[in-house]
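Open the model in your viewer and keep the selection panel at hand. The tour goes from the packed interior to the empty spaces.

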Amino acid sequence: RTIKVEVYDWDRDGSHDFIGEFTTSYRELSRGQSQFNVYEVINPKKKGKKKKYVNSGTVTLLSFLIETEVSFLDYIKGGTQINFTVAIDFTASNGNPSQPTSLHYMNPYQLNAYGMALKAVGEIIQDYDSDKMFPALGFGARLPPDGRVSHEFALNGNPQNPYCHGIDGVMEAYYRSLKSVQLYGPTNFAPVINHVARYAASVKDGSQYFVLLIITDGVISDMAQTKESIVNASKLPMSIIIVGVGPAEFDAMEELDGDVVRISSRGKFAERDIVQFVPFRDYIDRSGNHVLSMARLAKDVLAEIPEQFLSYMRVRGIKPSPAPPPYTPPIHVLQTQI
């Protein structure tokens with residue numbers, strides 16, 4: 001392809017004066033500094049008016065560097081694993097799960113808001129997670145047998161191994177928890193963020209990236225601690241997705257999202273933006289077509305992950321591993337006996 005270069009005389013007020021132009025190509029530039037890379041700068045107007053016009057000066061190439069833009073998929077092809085963790089809000093403000101008004105209502109015929117958000121996001125993320133084993137946590141509930149309040153409990157009841165198999169396994173553990181725990185409070189995010197951050201801190205070589213999905217009904221109690229957790233986590237290979245369900249005001253979540261103002265804690269700013277917030281109510285399809293609305297939710301929820309992922313890799317100078325050769329099935333030689 002032809003590359004056209006225009007040369008201007010720069011002026012502080014922005015009224016730059018056009019000097020002239022020349023064309024080149026990637027192939028020519030890649031020869032580096034040589035007689036081939038000295039270009040006459042031509043001003044077409046002057047050339048048309050002046051018979052003796054030769055050029056308006058020359059441009060000489062001094063150095064040439066090729067940088068490859070790598071994509072999110074280059075890392076996935078190279079074997080980077082995406083680890084997906086779910087954290088669900090079990091605070092009393094969600095309402096009694098046995099009542100139809102509750103955000104946790106266990107309707108035998110359709111998913112509640114938590115179930116829908118979990119399925120929509122999880123079913124896409126699980127395709128990037130090869131073992132399909134997801135740690136699923138709850139926060140803000142009183143646990144049996146002694147009624148202690150926990151902000152970081154395993155939905156499957158096994159703190160040593162909180163992994164659930166696939167999104168269906170997470171859904172199953174979620175419904176089981178609803179039957180055994182008591183919704184309580186307050187709404188603390190920092191413990192589950194720190195839980196995932198501990199794992200992310202142990203693998204900083206680019207071989208793994210962690211995504212935490214928090215589904216919540218909104219009003220957050222430990223804002224200062226959460227901000228500090230996010231600022232610390234912004235140095236780690238992790239992203240946080242917050243889906244807000246229900247009718248509450250989500251101003252605090254917008255602040256955590258950090259798209260308008262970069263989040264900070266004790267005067268320290270987050271190294272990069274790692275939080276994406278979406279209010280679930282914006283995706284409830286009035287016509288009742290949940291398939292389309294859930295696809296839109298998943299798209300918007302996951303929109304920032306590739307860029308957040310790449311920003312971590314770029315800052316750390318981590319390049320994707322080469323992709324393994326494509327799989328070719330072994331050829332079986334058929335032996336026929338006569």
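Residue classes come up at several stops: Ala, Val, Leu, Ile, Met, Phe, Trp, Tyr, Cys and Pro count as nonpolar, Asp, Glu, Lys and Arg as charged, and the others, Gly among them, as polar. One caution before you start: this is a predicted model.

**Stop 1: the second largest pocket**

Select E67, T68, E69, V70 and Y75, then add L310, M313, R314, G317, I318 and K319. Together they line the second largest pocket. Its volume is about 230 Å³. By class, the lining holds five nonpolar, two polar and four charged residues. Now colour helix α10, residues 305-316. Helix α10 gives the most to this lining, with three residues.

**Stop 2: the largest pocket**

Move on to the pocket of about 290 Å³, the largest one. Which residues should you centre on? Of the 18 that line the largest pocket, L143, F153, A154, G157 and P159 are the closest to its centre. Next, show β8 (148-150), β9 (153-154) and α5 (166-180), the elements that give two or more residues to the lining. The largest share, three residues, comes from α5. Colour the lining of the largest pocket by class and you get nine nonpolar, six polar and three charged residues.

**Stop 3: the cavity**

Rolling a probe the size of a water molecule over the atoms shows where empty space is left. How many cavities of 30 Å³ or more are there? The count comes to one. The largest cavity holds about 30 Å³ of space. To see its lining, select I230, L256, D257, G258, R262, I263, D273, I274 and V275. Five of these lining residues are nonpolar, one is polar and three are charged.

**Stop 4: the largest nonpolar core**

Select F84, F90, I241, V243, F280 and L297. Within the largest nonpolar core, which has 51 residues, these touch the most other members. Add helix α4, residues 113-125. Helix α4 supplies the largest share of this core, eight residues.

Now zoom in on I241. What does I241 contact, leaving aside its neighbours within four places in sequence? The list is I125, V211, L212, L213, I214, Q276, V301, L302 and I305.

**Stop 5: the second core**

Finish with F139, A200, L212 and M253. They are among the 30 residues of a second, separate core. L212 has already appeared on this tour, as a contact of I241.

Technical notes:
Residues numbered from 1 in each chain as written. Predicted model: local features only at pLDDT ≥ 70, side-chain atom pairs only at ≥ 80, totals over all residues. Heavy atoms only, no water. Core = buried A, V, L, I, M, F, W, Y, C linked by side-chain atoms within 4.5 Å. Buried < 20%, exposed > 50% of the residue type's maximum accessible area, 1.4 Å probe, protein only. Helix = DSSP H or I, 4+ residues; strand = E, 2+ residues; numbered from the N terminus. Contact = heavy atoms within 4.5 Å. 1 Å grid on protein atoms, 1.4 Å probe; cavity = no way out; pocket = protein on both sides within 12 Å on 5 of 7 lines; lining within 4 Å. Points joined across faces, edges and corners; volume = space filled by probe spheres on them.
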